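Visitor: Please take one part of this model and go through it closely. I want the strand pairing, strand by strand, and then whatever sits around it.

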Amino acid sequence: MIKALYEKLVLPKLCDKCCGTKPINYQRNKVVPLAKGVVLEVGVGSGLNIPFYNKNNIEKIIGLDPSEELNVLAKKVADDNGIQIDFLINGAEDIILPDNSVDTILITYTLCTIPDLNKSMSEMKRVLKSDGKFIFCEHGIAPDKNIINWQRRINPIWGIFFGGCNINRNIPKIISDGGFNITNINQMYLPSTPKIVGYNYWGEANI
Ligand SMILES: C[S@@+](CC[C@H](N)C(=O)[O-])C[C@H]1O[C@@H](n2cnc3c(N)ncnc32)[C@H](O)[C@@H]1O
């Protein structure tokens, strides 16, 4: 009961707030404008990426996310920015789109949270066109041993308060194991962000 209320009333706003910091928005601006054609944004959340799309390059945006509460926020951001988005209220484990149908998959700060990564990566690979791009920006396992140790200790508690978010996932491995070739990757600790949640990986992959 308390968990359900927390997830309905508190978590969506917390997610929106924590993912909308200046350093994170700086990261968004590095990747979102690269999206083009038919775009599937996986884990569209509260729509924090929406203002960063380059509308001139976009044919259509499909925003997928299982959270109905976050969808209410995302719809408002889309309307405020005059961007039409087809929303799919669903997890990435089951993407209701045809094979080879999207030019870009954009995923930001979501690989940390998806429960079934194998199924989801395989679904993303299925819907991406053979010449399509997988664009990512995620937080994950840090390179320093002492930070990794702290990430391991805190991860179980973190997930309880942040909707199942994991702070120590190996992002490059998840993408490669999912059958994608990483063509460009950058990584660093975000400024003004606790190191246990601030190690970012961003770049592009193809299939
Ligand atoms: C930390 S939020 C990030 C939201 C957004 N991508 C952003 O950059 O602000 C994690 C998101 O993953 C979504 N999520 C959880 N399970 C998912 C799943 N199975 N498939 C796709 N998205 C999922 C959550 O609803 C939430 O919107």
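Guide: Two strands count as paired if DSSP finds at least two bridges between them. Keep that in mind for the sheet. The model is a predicted one.

Start with the overall order. The sheet is open and has 7 strands. Read across, they run β3-β2-β1-β4-β5-β7-β6. The pairing is mixed. β3, residues 85-88, and β6 stand at the edges. Each has a single partner strand, so one side of each has no neighbour in the sheet. From one strand to the next, the twist averages 15 degrees.

Now the interior of that order. Take β4, residues 102-108. Of its 7 residues, 6 are buried, so the rest of the structure largely encloses β4. A residue is buried when 20 or more other C-beta atoms lie within 10 Å of its own. In the order, β4 stands between β1 and β5. Pairing with β1 is parallel, over 4 bridges. Here V39 stands opposite T104 of β4. Pairing with β5 is also parallel. That pair has 6 bridges. Here I107 stands opposite F136 of β5.

The loop leading into β4 has a backbone oddity. N100 lies between β3 and β4. Its phi is positive, about 45 degrees, although N100 is not a glycine. N100 has 13 other C-beta atoms within 10 Å, so it is partly exposed.

Go next to the β6 edge. β6 covers residues 181-189. Of these 9 residues, 0 are buried, so β6 lies largely in the open. Its partner is β7, residues 199-206. The two pair in the antiparallel sense over 8 bridges. Two bridge partners fix the register. N184 is matched with E204 in β7. I185 is matched with G203 in β7.

N181 deserves a stop in β6. What is its exposure: buried or exposed? N181 has 11 other C-beta atoms within 10 Å, so it is exposed. Beyond its neighbours within four places in sequence, N181 is in contact with A205 and N206. N181 and F134 are 47 residues apart in sequence. In space, their C-alpha atoms are 9.4 Å apart.

The loop between β6 and β7 holds S192. S192 also has a positive phi, about 55 degrees, and is not a glycine. With 8 other C-beta atoms within 10 Å, S192 is exposed.

Now the helices that pack against these strands. α2 spans residues 22-31. Its buried residues are I24, Q27, R28 and V31. Seen down the axis of α2, they fall within an arc of 105 degrees, so they line one face of the helix. On the other side of α2, K22, Y26 and N29 are exposed. Strands β4, β5 and β7 are among the elements that cover the buried residues of α2.

α4 spans residues 117-127. Its buried residues are S120, M121, E123, M124 and V127. Down the axis of α4, these lie within an arc of 160 degrees, so they too line one face of their helix. The cover over them includes three strands named above: β1 (37-42), β4 and β5 (128-139). It also includes the helix α6 (171-177).

K119 sits in α4 as well. K119 has 15 other C-beta atoms within 10 Å, so it is partly exposed. K119 and L70 are 49 residues apart in sequence. Their C-alpha atoms are 23 Å apart.

Last, the ligand. It is surrounded by 21 residues. The closest are G43, G45, G91, A92 and T108. T108 takes us back to β4, which spans 102-108. By class, the shell has 11 nonpolar, 8 polar and 2 charged residues.

In short, β4 is largely enclosed. β6 lies largely in the open. β4 helps cover the buried residues of α2 and those of α4.

Conventions: Residues are numbered from 1 along each chain as its sequence is written. This is a predicted model: local features need pLDDT of at least 70, side-chain atom pairs count only at pLDDT 80 or more; totals for chains, interfaces and linings use all residues. A residue is near a molecule or strand if its C-beta atom, placed from the backbone, lies within 6 Å of it. Ala, Val, Leu, Ile, Met, Phe, Trp, Tyr, Cys and Pro count as nonpolar, Asp, Glu, Lys and Arg as charged, and the others, Gly among them, as polar. A residue is buried if 20 or more other C-beta atoms lie within 10 Å of its own, exposed if 12 or fewer, and partly exposed in between; C-beta atoms are placed from the backbone. The arc is that of the directions from the helix axis to the C-beta atoms. Two residues are in contact if their C-beta atoms, placed from the backbone, lie within 7 Å. Axes are lines fitted to C-alpha atoms, for helices over the stretch in contact, and angles run from 0 to 180 degrees between N-to-C directions.
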